[in-house]
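User: I would like a close look at one glycine and at how its surroundings fit into the rest of the chain. Please keep it plain and define terms as you go.

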Amino acid sequence: MKYSSILLLSLSLVSGAALAGTTEAGIGGALGGVLGAVVGQQVGGNTGAAIGAGVGGAAGSVVGADRRNRTEAAIGGALGGAGGNVIGQQVGGTTGGLIGAAIGGGGGGALGNYYGDRSRYDDDHRHYHGDRRYYRDHHHGHKHRHKHRGWHRGHDHDD
């Protein structure tokens, strides 16, 4: 039973990391979720394990995430770690809770990091297309005729 748990834990780490393509945030969230669940289980039983998995999943995801996506990765790792631990405990007891915390923390951290990048890309893309009219009007052959006002209008230079 111990070897199958280790094998499942290893597979969950890999699947959580590969889920969204951001390996570091996924592995950090998975390891943090498992470690938090173990510590929380010792301190506060099943409830402590769920809380520990959430805190550990958030912390691990932050460490592995891109600097600009840390908030999103922390939220994903926390929700995934805690939810995975609770579901895993119901399905497979303590071992199932650890595997669930690893899968949930890893997947949540990786997805949070991915969606942070995606959101930033969408914002940049929207900003670029929003400026298209400005560039069309000011840079592509539109001549703006300005009336010259000031001292040179009607001023005789021979004075």
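Leaving aside its neighbours within four places in sequence, which residues is glycine 96 in contact with?

Analyst: Glycine 96 is in contact with Gly88 and Gln89, once neighbours within four places in sequence are left aside; contact here means heavy atoms within 4.5 Å. This is a predicted model, in which local features need pLDDT of at least 70 and side-chain atom pairs count only at pLDDT 80 or more, while totals for chains, interfaces and linings use all residues. Residues are numbered from 1 along each chain as its sequence is written, and side-chain values use heavy atoms, with hydrogens and water left out.

Glycine 96 sits in helix α3. Helices are DSSP runs of H or I with at least four residues, strands are runs of E with at least two, and both are numbered from the N terminus. With a relative accessibility of 16%, glycine 96 counts as buried. The cut-offs are under 20% relative accessible area for buried, over 50% for exposed, and partly exposed in between, using a 1.4 Å probe and protein chains only. Valine 86 is 10 residues from glycine 96 along the chain, and their C-alpha atoms are separated by 9.0 Å.

Gln89, one of the contacts of glycine 96, leads to the next feature. Together with Ala37, Gln41, Ala49, Asn85, Thr94, Gly97 and Leu98, Gln89 lines the largest cavity. A search of the whole structure finds one cavity of 30 Å³ or more, and the space in the largest cavity is about 30 Å³. A cavity is a set of points, on a 1 Å grid over the protein atoms alone, where a 1.4 Å probe fits but cannot get out, and lining residues have an atom within 4 Å of a point. Points are joined across faces, edges and corners, and the volume is the space filled by probe spheres set on them. Helix α3 gives the most to this lining, with five residues. Both α2 and α3 supply at least two lining residues each.

Helix α2 spans 23–64 and α3 spans 70–130. Glycine 33 belongs to α2 and is buried, at 0% relative accessibility. Beyond residues up to four places away in sequence, glycine 33 touches Ala53, Gly56, Gly57 and Ala101. The C-alpha atoms of glycine 33 and glycine 106 are separated by 7.7 Å, although the two residues are 73 residues apart along the chain.

Glycine 57, one of the residues that glycine 33 touches, is in α2 as well. Its relative accessible area is 0%, so glycine 57 is buried. Outside the residues up to four places away in sequence, glycine 57 touches Gly29, Gly32, Gly33, Gly77 and Ala78. Glycine 57 and leucine 35 are 22 residues apart in sequence, with 8.7 Å between their C-alpha atoms. Alanine 59, another residue placed in α2, is partly exposed at 44% relative accessible area. The C-alpha atoms of alanine 59 and glycine 28 are 7.8 Å apart, with their positions 31 residues apart in sequence.

For residues 27–65, an unreviewed UniProt entry lists "domain: Glycine zipper"; UniProt positions are in the numbering used here, feature names are shortened, and annotations may be inferred rather than shown by experiment. Over residues 27–65 the chain is 97% helix and 0% strand, and the end C-alpha atoms lie 10 Å apart.

The loop between α2 and α3 holds asparagine 69, which is buried at 0% relative accessibility. Not counting residues up to four places away in sequence, asparagine 69 touches Asn113, Gly116, Asp117 and Arg120.

As for the whole chain, there are four helices and zero strands, in the pattern α-α-α-α along the sequence. Of its 159 residues, 36% count as buried. Among contacts between residues at least 6 apart in sequence, 65% join residues at least 24 apart.

Definitions and conventions. On a 1 Å grid over the protein atoms alone, a cavity is a set of points where a 1.4 Å probe fits but cannot get out, and a pocket is an open set with protein on both sides within 12 Å along at least five of seven lines; lining residues have an atom within 4 Å of a point.
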